[in-house]
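Morning, everyone. I'll walk you through one structure today, starting with its charged pairs and then moving to its sheet.

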Amino acid sequence: VHGDSSLALAVMDGTSAEPAPRADRRTALQLRPMACEQGLLYRADGSIRYSQGSTAVVVSVFGPTEVSSKDEKIDESALKIAVLPASGRAGAAELEIAEAVRQCMEHIVLTHLHPRTGISITIQVLTDAGALLACAINGTVLALVDAGLPMGTLLGAVDIVVSSESTIVDPLKAEESGATLVSLAFAEASDDIAMLKVRGRVDPEVLLTQLVPLGRAASRAAIAFIRLTAAKNVARS
């Protein structure tokens, strides 16, 4: 499944949303094309390969399964997230991504339906060409859909770079360098913020009045792609 998601958003007051042409010729408010392949791993309960432009991950889901007594939760399933880098061993950056993904998935997965069990999610980074956290979150939602796990709602994520000169969505790796990176995720049902992470400094008023609405619009595009992917999967089966 492939999708080309462009955001038709008005340029907001304050920082300009139209910097010099980007390296991949996108506008400041344009997401990279999304693509998803489902059912990649035979042994997994759900698995996908998801990409936003050249940033790509493979996400696998196992569970609900039995867990040891030290890991089980009496009233819900325990979520375990692991992020593996494209090369080398996982470090602080991967642990930070895993924690953010866990926070988002706890917001939408109906873990209370499977108490005393565990759900294990592995995110294998293939390439990081920018906006890796948003890619990991959106890919994980797609893997959960592929696994058929019950969710209260869907969720979409986006990364935004903001500087004194411009505001751009779905940044490339080079665009993230030296700029403030804001990562947002929104639940579809309520439109509430499920995750907010800021790397760098940003004016609180700019965050609330400009970046949150921009992130909400971008997340809807991601959710629309997730819904399209799920519908095509149902049609094939």
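A salt bridge here is a side-chain nitrogen of Lys or Arg within 4 Å of a carboxyl oxygen of Asp or Glu. Keep that in mind as we go. And keep in mind that this is a predicted model.

Take the pair of arginine 32 and aspartate 170. Their side chains form a salt bridge, 2.8 Å from N to O. Where do the two residues sit? Arginine 32 is in the loop between strand 1 and strand 2, and aspartate 170 is in the loop between strand 8, residues 167-169, and helix 3, residues 173-176. The two are 138 residues apart in sequence, so the pair ties together distant stretches of the chain.

Buried or exposed? Arginine 32 is buried, at 3% relative accessibility. Aspartate 170 is buried as well, at 2%. Buried means under 20% relative accessible area, so both values qualify.

This pair has company. Asp24, Arg26, Arg32 and Asp170 are joined into one network by salt bridges that share partners.

Now arginine 22. It sits in the loop between strand 1, residues 2-3, and strand 2, residues 34-38. Arginine 22 is buried, with a relative accessible area of 5%. What does its side chain reach? A polar atom of that side chain lies 2.9 Å from the backbone oxygen of threonine 27. Leaving out residues up to four places away in sequence, arginine 22 touches several others, including Ile168, Val169, Asp170 and Pro171. Asp170 again: that is the residue bridged to arginine 32.

How many salt bridges are there by this rule? The count is 12. Let me show you two more.

Arginine 102 and glutamate 106 meet in one, at 2.7 Å from N to O. Both are in helix 1, residues 92-108, and they are 4 residues apart, so about one helical turn separates them. Arginine 102 is partly exposed, at 24% relative accessible area. Glutamate 106 is partly exposed too, at 39%.

The other joins aspartate 191 to arginine 216, with the closest N and O atoms 3.5 Å apart. This pair links distant parts of the chain: aspartate 191 is in the loop between strand 9, residues 180-187, and strand 10, residues 193-199, while arginine 216 is in helix 4, residues 204-236. They are 25 residues apart. Aspartate 191 is partly exposed, with a relative accessible area of 23%. It also takes a positive phi near 65°, in the hairpin of strand 9 and strand 10, which has 5 residues between the strands.

That hairpin brings us to the sheet. It is an open sheet of 4 strands, in the order 8-7-9-10, with antiparallel pairing. Which strands are the edges? Strand 8 and strand 10, each pairing on one side only. On average, neighbouring strands in this sheet are turned by 20° against each other, direction ignored.

A general word on what holds such an arrangement. Strands of a sheet pair through backbone hydrogen bonds, either parallel or antiparallel.

Look at strand 9. On one side it pairs with strand 7, residues 155-162, in the antiparallel sense over 8 bridges. Valine 162 stands opposite threonine 180, and valine 161 has leucine 181 as its bridge partner. Strand 9 also pairs with strand 10, again antiparallel, over 6 bridges. There, alanine 185 stands opposite methionine 195.

How much of strand 9 is covered? 8 of its 8 residues are buried. Both faces are covered. On one side are Thr180, Val182, Leu184 and Phe186, and on the other Leu181, Ser183, Ala185 and Ala187.

Two helices lie across this part of the sheet. Helix 1 crosses strand 7, strand 9 and strand 10, running at about 160° to strand 10. Helix 2, residues 132-147, lies across strand 7, strand 9 and strand 10, at about 175° to strand 7.

Finally, the whole chain. The protein has 4 helices and 10 strands. From the N terminus, the elements run β-β-β-β-β-α-β-α-β-β-α-β-β-α. Of its 237 residues, 49% count as buried. Among contacts between residues at least 6 apart in sequence, 69% join residues at least 24 apart. The accessible surface is about 11300 Å², and 53% of it belongs to carbon and sulfur atoms.

That's my tour. Thanks for listening.

Key: Residues numbered from 1 in each chain as written. Predicted model: local features only at pLDDT ≥ 70, side-chain atom pairs only at ≥ 80, totals over all residues. Heavy atoms only, no water. Buried < 20%, exposed > 50% of the residue type's maximum accessible area, 1.4 Å probe, protein only. Polar contact = N/O pair within 3.5 Å; in protein donor to acceptor, adjacent residues only side chain to side chain. Contact = heavy atoms within 4.5 Å. Areas by Shrake-Rupley, 256 points an atom, 1.4 Å probe, with all protein chains shown as cover. Pairing = 2+ DSSP bridges. Axes fitted to C-alpha atoms, helices over the stretch in contact; angles between N-to-C directions.
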